[in-house]
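Please open the model in your viewer and keep the residue selection panel at hand, since each stop on this tour begins with something to select.

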Amino acid sequence: MQSFRGQALSWELKDGVVELALHREPNNELGSMALAEAEKFADSLDQLSRTAHALIIYSTLPSGFSAGADLRELYQRSQNVQPVETIRIVRDQLERTHRVLNAIDASPLITIAALHGIVFGGGFELALTCDLMIADKTARFCFPELRLGLIPGWGGIPRLKRDLGNAVVRDLLLTGRSLNAIKVQQVGLVSQVVAEGESLRVARATAAQLGKFDRHTAVTAKKFIKPIPYDELRQEIDLFCELFTHPAVDAGLRKFVESTAAQPYLP
């Protein structure tokens, strides 16, 4: 499938570059609908990789890249069921999401995240699967899960540890504070910071440049410098499921769902 138009995301292959666009109002919350469409994309990656050399992931929404998991949906699905069933639902969603993100992480395509605005929680974790992050000056990065009594569950911890020093990893995970694009570039996570509204244009120019190089060499280099921490990713799922049973999580999710703030996910 070389193109697809869904309710939460769409993709198209053109001139050797796959562009995956997120476009679910209001803030690209990643819930069951987005996951089902993302699974279609993951299933198409092998075919797309036969003729493409690069993948760009970006958002069409002015608010930013993604606010992360659809917490309202997650809370609603956890109500009125037994704890054992809740954990089964959560684990199933985590394992399905990990399969999608691992497929992007391991893809032979050179992957580029074009970022702006909010890059929070699961949105941050999606960006971390990419080989390159290009962020405009409005981008802000955060793992707010701590406020819900949780840790990132979509591979954020192992991928952060792969790419950053432990001091920065601890700061992001334990404080829940956000970092701007300049700070994230300084610690080595973002490869380029560009002017507001320019991240997609620069990502496209970068993808075009990548097409000039030998594909086999690029794939070999990527495998060498970007190992996928599968064991730690599985451990993260177990830890998330264990934490989800704690009363603090239910209270945190309820507070989020009942909030009347325009952007309750902001730290």
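Begin with Thr206, which in this predicted model is buried, with a relative accessible area of 17%. The assignment follows because that value is under the 20% cut-off for a buried residue. Thr206 belongs to helix 8, which spans residues 199–210. With that residue still selected, add Ile112, Leu132, Ile134 and Gln192, which Thr206 touches when residues up to four places away in sequence are not counted.

Next, turn from side chains to empty space. Rolling a probe the size of a water molecule over the atoms shows where empty space is left. Across the whole structure, a search of this kind finds two cavities of 30 Å³ or more.

For the largest cavity, whose volume is about 220 Å³, select Leu30, Ala34, Leu35, Ala38 and Val100, which lie nearest its centre among the 16 residues of the lining. Then colour strand 3 (17–22), helix 1 (32–49) and helix 3 (83–106), which are the elements that give two or more residues to the lining of the largest cavity. Which of these elements gives the most to that lining? It is helix 3, with five residues. If you colour the lining of the largest cavity by class, you should find 13 nonpolar residues and three polar ones, with no charged residues.

The second largest cavity has a volume of about 30 Å³, and you can display its lining by selecting Ala8, Leu9, Leu22, Arg24, Asn28, Glu29, Leu30 and Ala34. By class, this lining divides into five nonpolar residues, one polar residue and two charged residues. Leu30 and Ala34 appear in this selection, and both are also among the residues nearest the centre of the largest cavity.

Keep Arg24 from that lining and add Asp70, since the side chains of Arg24 and Asp70 meet in a salt bridge with an N to O distance of 3.1 Å. The pair links distant parts of the chain, 46 residues apart: Arg24 is in the loop between strand 3 and strand 4 (29–30), whereas Asp70 is in the loop between strand 7 (68–69) and helix 2 (71–78). Are the two partners buried or exposed? Arg24 counts as partly exposed, at 21% relative accessibility, whereas Asp70 is buried, with a relative accessible area of 12%.

Side chains of opposite charge can pair when their charged atoms come close. In this model the count comes to 17 salt bridges, and two further pairs and one network are worth selecting in turn.

- Select Glu232 and Lys161, whose side chains meet in a salt bridge at 3.6 Å, N to O. This pair also links distant parts of the chain, with Glu232 in helix 10 (residues 230–244) and Lys161 in helix 5 (residues 156–163), 71 residues apart. Glu232 is partly exposed, with a relative accessible area of 31%, and Lys161 likewise counts as partly exposed, at 40% relative accessibility.
- Select Asp171 and Arg177, whose side chains meet in a salt bridge at 2.7 Å, N to O. Asp171 is partly exposed, with a relative accessible area of 23%, and Arg177 counts as partly exposed at 38% relative accessibility.
- Finally, select Asp105, Asp131, Arg159, Arg162, Asp163, Lys222 and Lys226 together, and show their side chains, which are linked in a network of salt bridges.

Methods. Residues are numbered from 1 along each chain as its sequence is written. This is a predicted model: local features need pLDDT of at least 70, side-chain atom pairs count only at pLDDT 80 or more; totals for chains, interfaces and linings use all residues. Side-chain values use heavy atoms; hydrogens and water are left out. On a 1 Å grid over the protein atoms alone, a cavity is a set of points where a 1.4 Å probe fits but cannot get out, and a pocket is an open set with protein on both sides within 12 Å along at least five of seven lines; lining residues have an atom within 4 Å of a point. Grid points are joined across faces, edges and corners, and a volume is the space filled by probe spheres set on the points. Helices (H or I, at least four residues) and strands (E, at least two) are DSSP runs, numbered from the N terminus. Ala, Val, Leu, Ile, Met, Phe, Trp, Tyr, Cys and Pro count as nonpolar, Asp, Glu, Lys and Arg as charged, and the others, Gly among them, as polar. A salt bridge is a side-chain nitrogen of Lys or Arg within 4 Å of a carboxyl oxygen of Asp or Glu. Buried means under 20% relative accessible area, exposed over 50%, partly exposed in between (1.4 Å probe, protein chains only). Contact means heavy atoms within 4.5 Å.
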